[in-house]
Amino acid sequence: MITLVPLLLSHQPAIDSLLDERFGPARRNRTAYRLRDRAEVLSAYSSVAFDGDQLVGSLQCWPIRLKSVGGARMPMILLGPVAVAAAREGQGIATALMRASLAALDAGDSPPVLLIGDAPFYGRFGFSAAATRHWELPGPVDHARLLLRGPATGLPRIAWVEAVPVERAGSVNPSRPAKVA
Ligand SMILES: CC(C)(COP(=O)(O)OP(=O)(O)OC[C@H]1O[C@@H](n2cnc3c(N)ncnc32)[C@H](O)[C@@H]1OP(=O)(O)O)[C@@H](O)C(=O)NCCC(=O)NCCS
(Lines give C-alpha, C1' and ligand atoms only; values in the text may rest on other atoms or scores of the structure.)
Protein backbone atom coordinates (compact mmCIF):
# COMPACT_ATOMS: atom_id res chain seq x y z
CA MET A 1 0.00 0.00 0.00
CA ILE A 2 1.22 3.49 -0.86
CA THR A 3 1.09 6.10 1.90
CA LEU A 4 1.49 9.82 1.31
CA VAL A 5 3.02 11.85 4.10
CA PRO A 6 4.03 15.49 4.40
CA LEU A 7 7.63 16.18 3.45
CA LEU A 8 10.07 16.30 6.36
CA LEU A 9 13.69 17.40 6.40
CA SER A 10 14.69 13.81 7.20
CA HIS A 11 13.27 12.67 3.83
CA GLN A 12 15.76 14.79 1.89
CA PRO A 13 18.53 12.20 1.37
CA ALA A 14 16.04 9.67 -0.05
CA ILE A 15 14.43 12.38 -2.21
CA ASP A 16 17.86 13.33 -3.59
CA SER A 17 18.58 9.68 -4.46
CA LEU A 18 15.21 9.40 -6.22
CA LEU A 19 15.79 12.63 -8.16
CA ASP A 20 19.30 11.51 -9.17
CA GLU A 21 17.83 8.22 -10.36
CA ARG A 22 15.04 9.86 -12.39
CA PHE A 23 16.68 13.06 -13.69
CA GLY A 24 20.41 12.28 -13.43
CA PRO A 25 22.98 14.36 -11.56
CA ALA A 26 22.89 17.04 -14.30
CA ARG A 27 19.43 17.95 -12.98
CA ARG A 28 21.12 20.63 -10.90
CA ASN A 29 21.97 22.55 -14.09
CA ARG A 30 18.30 22.97 -14.95
CA THR A 31 16.78 26.44 -14.84
CA ALA A 32 14.25 25.31 -12.20
CA TYR A 33 17.14 24.79 -9.79
CA ARG A 34 18.13 28.44 -10.14
CA LEU A 35 14.67 29.27 -8.82
CA ARG A 36 14.74 26.87 -5.89
CA ASP A 37 18.44 26.42 -5.05
CA ARG A 38 18.46 28.76 -2.06
CA ALA A 39 14.74 28.67 -1.36
CA GLU A 40 13.00 26.94 1.52
CA VAL A 41 10.77 24.05 0.53
CA LEU A 42 7.08 24.63 1.36
CA SER A 43 6.40 21.47 3.31
CA ALA A 44 2.71 22.31 3.75
CA TYR A 45 2.29 21.74 0.00
CA SER A 46 4.94 19.04 -0.50
CA SER A 47 4.51 15.30 -0.07
CA VAL A 48 6.41 12.07 -0.34
CA ALA A 49 5.05 8.60 -1.09
CA PHE A 50 6.17 5.53 0.84
CA ASP A 51 5.77 1.86 0.13
CA GLY A 52 6.55 0.45 3.56
CA ASP A 53 9.79 2.15 4.57
CA GLN A 54 10.85 2.85 0.99
CA LEU A 55 10.40 6.34 -0.45
CA VAL A 56 8.95 5.82 -3.94
CA GLY A 57 7.75 9.29 -4.90
CA SER A 58 8.16 12.97 -4.09
CA LEU A 59 6.67 16.32 -4.95
CA GLN A 60 8.13 19.58 -3.68
CA CYS A 61 6.82 23.14 -3.81
CA TRP A 62 8.80 26.36 -3.45
CA PRO A 63 8.09 30.07 -3.06
CA ILE A 64 8.89 32.21 -6.11
CA ARG A 65 7.85 35.66 -7.32
CA LEU A 66 6.64 37.19 -10.54
CA LYS A 67 8.00 40.68 -11.28
CA SER A 68 6.13 42.90 -13.73
CA VAL A 69 7.67 45.48 -16.07
CA GLY A 70 6.60 48.16 -13.59
CA GLY A 71 8.53 46.39 -10.81
CA ALA A 72 5.53 45.05 -8.88
CA ARG A 73 6.25 41.66 -7.35
CA MET A 74 3.62 39.04 -6.67
CA PRO A 75 4.07 35.73 -4.88
CA MET A 76 3.77 32.45 -6.74
CA ILE A 77 4.43 28.78 -6.01
CA LEU A 78 6.84 26.69 -8.07
CA LEU A 79 5.65 23.06 -8.12
CA GLY A 80 8.22 20.35 -8.74
CA PRO A 81 10.11 18.28 -9.21
CA VAL A 82 7.64 15.40 -9.26
CA ALA A 83 9.32 12.01 -9.40
CA VAL A 84 8.27 8.39 -8.94
CA ALA A 85 10.61 5.41 -8.72
CA ALA A 86 10.95 3.72 -12.12
CA ALA A 87 9.75 0.41 -10.73
CA ARG A 88 6.55 2.03 -9.45
CA GLU A 89 5.49 4.01 -12.52
CA GLY A 90 1.94 3.82 -13.84
CA GLN A 91 0.41 3.04 -10.44
CA GLY A 92 -1.09 6.48 -9.85
CA ILE A 93 1.55 7.69 -7.40
CA ALA A 94 2.34 10.96 -9.21
CA THR A 95 -1.37 11.61 -9.62
CA ALA A 96 -1.93 11.07 -5.89
CA LEU A 97 0.99 13.39 -5.05
CA MET A 98 -0.37 16.06 -7.40
CA ARG A 99 -3.90 15.79 -5.99
CA ALA A 100 -2.63 16.05 -2.41
CA SER A 101 -0.54 19.13 -3.17
CA LEU A 102 -3.20 20.87 -5.21
CA ALA A 103 -5.82 20.20 -2.53
CA ALA A 104 -3.49 21.67 0.11
CA LEU A 105 -2.74 24.66 -2.13
CA ASP A 106 -6.44 25.26 -2.74
CA ALA A 107 -7.29 24.89 0.95
CA GLY A 108 -4.54 27.37 1.77
CA ASP A 109 -5.82 29.86 -0.82
CA SER A 110 -2.30 29.86 -2.24
CA PRO A 111 -0.82 32.17 -4.85
CA PRO A 112 -0.81 30.98 -8.49
CA VAL A 113 1.13 27.80 -9.19
CA LEU A 114 3.79 27.50 -11.91
CA LEU A 115 5.86 24.51 -13.06
CA ILE A 116 8.24 23.44 -15.79
CA GLY A 117 7.12 20.12 -17.23
CA ASP A 118 5.27 18.11 -19.84
CA ALA A 119 1.93 19.73 -20.77
CA PRO A 120 0.39 16.36 -21.75
CA PHE A 121 0.87 15.15 -18.16
CA TYR A 122 0.21 18.35 -16.20
CA GLY A 123 -2.65 19.53 -18.41
CA ARG A 124 -4.92 17.06 -16.67
CA PHE A 125 -4.35 19.00 -13.44
CA GLY A 126 -5.31 22.35 -14.98
CA PHE A 127 -1.86 23.56 -16.08
CA SER A 128 -1.33 25.32 -19.42
CA ALA A 129 1.36 27.31 -21.22
CA ALA A 130 -1.17 29.85 -22.55
CA ALA A 131 -0.15 32.74 -20.30
CA THR A 132 3.60 32.26 -19.94
CA ARG A 133 4.97 32.99 -23.42
CA HIS A 134 6.48 36.32 -22.34
CA TRP A 135 7.68 35.30 -18.89
CA GLU A 136 11.45 35.09 -18.45
CA LEU A 137 13.28 32.84 -16.00
CA PRO A 138 16.84 33.07 -14.67
CA GLY A 139 17.95 30.64 -17.38
CA PRO A 140 16.75 29.06 -20.60
CA VAL A 141 13.26 27.56 -20.68
CA ASP A 142 11.06 25.94 -23.30
CA HIS A 143 7.94 28.07 -22.97
CA ALA A 144 5.75 25.18 -24.09
CA ARG A 145 6.82 23.58 -20.78
CA LEU A 146 6.35 26.66 -18.59
CA LEU A 147 2.90 25.91 -17.23
CA LEU A 148 0.57 27.99 -15.08
CA ARG A 149 -2.36 26.48 -13.20
CA GLY A 150 -5.67 28.15 -13.80
CA PRO A 151 -6.52 31.52 -15.31
CA ALA A 152 -3.93 34.27 -15.64
CA THR A 153 -6.38 36.92 -14.43
CA GLY A 154 -4.46 39.79 -12.85
CA LEU A 155 -1.06 38.46 -13.89
CA PRO A 156 1.21 40.46 -16.22
CA ARG A 157 1.66 39.42 -19.84
CA ILE A 158 5.37 40.26 -19.68
CA ALA A 159 7.16 39.34 -16.45
CA TRP A 160 10.23 37.87 -14.81
CA VAL A 161 10.05 34.80 -12.59
CA GLU A 162 12.35 35.25 -9.60
CA ALA A 163 13.72 33.08 -6.80
CA VAL A 164 12.88 33.80 -3.17
CA PRO A 165 16.05 32.75 -1.39
CA VAL A 166 16.22 32.32 2.38
CA GLU A 167 19.31 33.04 4.40
CA ARG A 168 18.30 30.50 7.00
CA ALA A 169 19.06 27.03 5.64
CA GLY A 170 17.62 23.78 6.83
CA SER A 171 14.24 24.71 8.27
CA VAL A 172 10.95 23.27 7.10
CA ASN A 173 7.52 24.89 7.37
CA PRO A 174 4.79 23.44 9.56
CA SER A 175 3.35 20.30 8.06
CA ARG A 176 -0.22 19.39 7.26
CA PRO A 177 -1.68 16.10 8.51
CA ALA A 178 -0.68 12.86 6.79
CA LYS A 179 -2.75 11.60 3.88
CA VAL A 180 -3.15 8.12 2.55
CA ALA A 181 -3.37 7.41 -1.19
C1 LIG B 1 6.22 11.51 -14.84
C2 LIG B 1 6.10 10.63 -13.58
C3 LIG B 1 6.20 11.54 -12.36
C4 LIG B 1 4.72 9.96 -13.60
O5 LIG B 1 4.58 9.19 -12.43
P6 LIG B 1 3.52 7.98 -12.32
O7 LIG B 1 3.35 7.66 -10.90
O8 LIG B 1 3.92 6.90 -13.22
O9 LIG B 1 2.22 8.69 -12.90
P10 LIG B 1 0.73 8.19 -12.66
O11 LIG B 1 0.73 6.71 -12.53
O12 LIG B 1 0.09 8.96 -11.60
O13 LIG B 1 0.07 8.65 -14.02
C14 LIG B 1 0.38 7.93 -15.15
C15 LIG B 1 -0.33 8.61 -16.30
O16 LIG B 1 0.44 9.75 -16.69
C17 LIG B 1 0.88 9.59 -18.03
N18 LIG B 1 2.21 10.18 -18.14
C19 LIG B 1 3.29 9.90 -17.41
N20 LIG B 1 4.33 10.67 -17.82
C21 LIG B 1 3.85 11.44 -18.83
C22 LIG B 1 4.42 12.40 -19.67
N23 LIG B 1 5.71 12.77 -19.54
N24 LIG B 1 3.65 12.98 -20.61
C25 LIG B 1 2.34 12.62 -20.74
N26 LIG B 1 1.75 11.71 -19.97
C27 LIG B 1 2.50 11.12 -19.04
C28 LIG B 1 0.86 8.10 -18.26
O29 LIG B 1 0.75 7.82 -19.64
C30 LIG B 1 -0.40 7.70 -17.50
O31 LIG B 1 -1.53 8.05 -18.25
P32 LIG B 1 -2.95 7.32 -18.03
O33 LIG B 1 -3.37 7.57 -16.62
O34 LIG B 1 -3.84 7.99 -19.02
O35 LIG B 1 -2.69 5.88 -18.30
C36 LIG B 1 7.17 9.53 -13.54
O37 LIG B 1 7.12 8.81 -14.75
C38 LIG B 1 8.58 10.05 -13.35
O39 LIG B 1 9.04 10.21 -12.22
N40 LIG B 1 9.30 10.31 -14.46
C41 LIG B 1 10.66 10.78 -14.41
C42 LIG B 1 10.73 12.16 -13.83
C43 LIG B 1 9.83 13.13 -14.56
O44 LIG B 1 9.81 13.17 -15.78
N45 LIG B 1 9.09 13.92 -13.77
C46 LIG B 1 8.13 14.87 -14.30
C47 LIG B 1 8.79 16.13 -14.64
S48 LIG B 1 8.05 16.82 -16.08
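A student and a tutor talk through how the terms apply to this predicted model.

Tutor: Residues are numbered from 1 along each chain as its sequence is written. The model is predicted: local features need pLDDT of at least 70, side-chain atom pairs count only at pLDDT 80 or more, and totals for chains, interfaces and linings use all residues.

Student: What makes up the secondary structure of the protein?
Tutor: Four helices and 10 strands. Helices (H or I, at least four residues) and strands (E, at least two) are DSSP runs, numbered from the N terminus.

Student: Why is the protein called as compact as a globular protein of that length?
Tutor: The radius of gyration is taken over C-alpha atoms, and the globule rule is 2.2 Å times the number of residues to the power 0.38. For 181 residues the rule gives 16 Å, and the protein has 16 Å, so the description fits.

Student: How do you know that the span of H3 agrees with its number of residues?
Tutor: The expected span is 1.5 Å times one less than the number of residues. With 15 residues, H3 should span 21 Å; its end C-alpha atoms are 21 Å apart, so the two agree.

Student: What makes a residue of H3 buried?
Tutor: Buried means 20 or more other C-beta atoms, placed from the backbone, within 10 Å of its own. Ile93, Ala94 and Leu97 are among the residues of H3 that pass. Of the 181 residues of the protein, 34% count as buried.

Student: Which element gives the largest share of the shell around the ligand?
Tutor: E4, with four residues. The shell has 16 residues, and Ala94 is one of the closest.

Notes:
A residue is near a molecule or strand if its C-beta atom, placed from the backbone, lies within 6 Å of it. A residue is buried if 20 or more other C-beta atoms lie within 10 Å of its own, exposed if 12 or fewer, and partly exposed in between; C-beta atoms are placed from the backbone.
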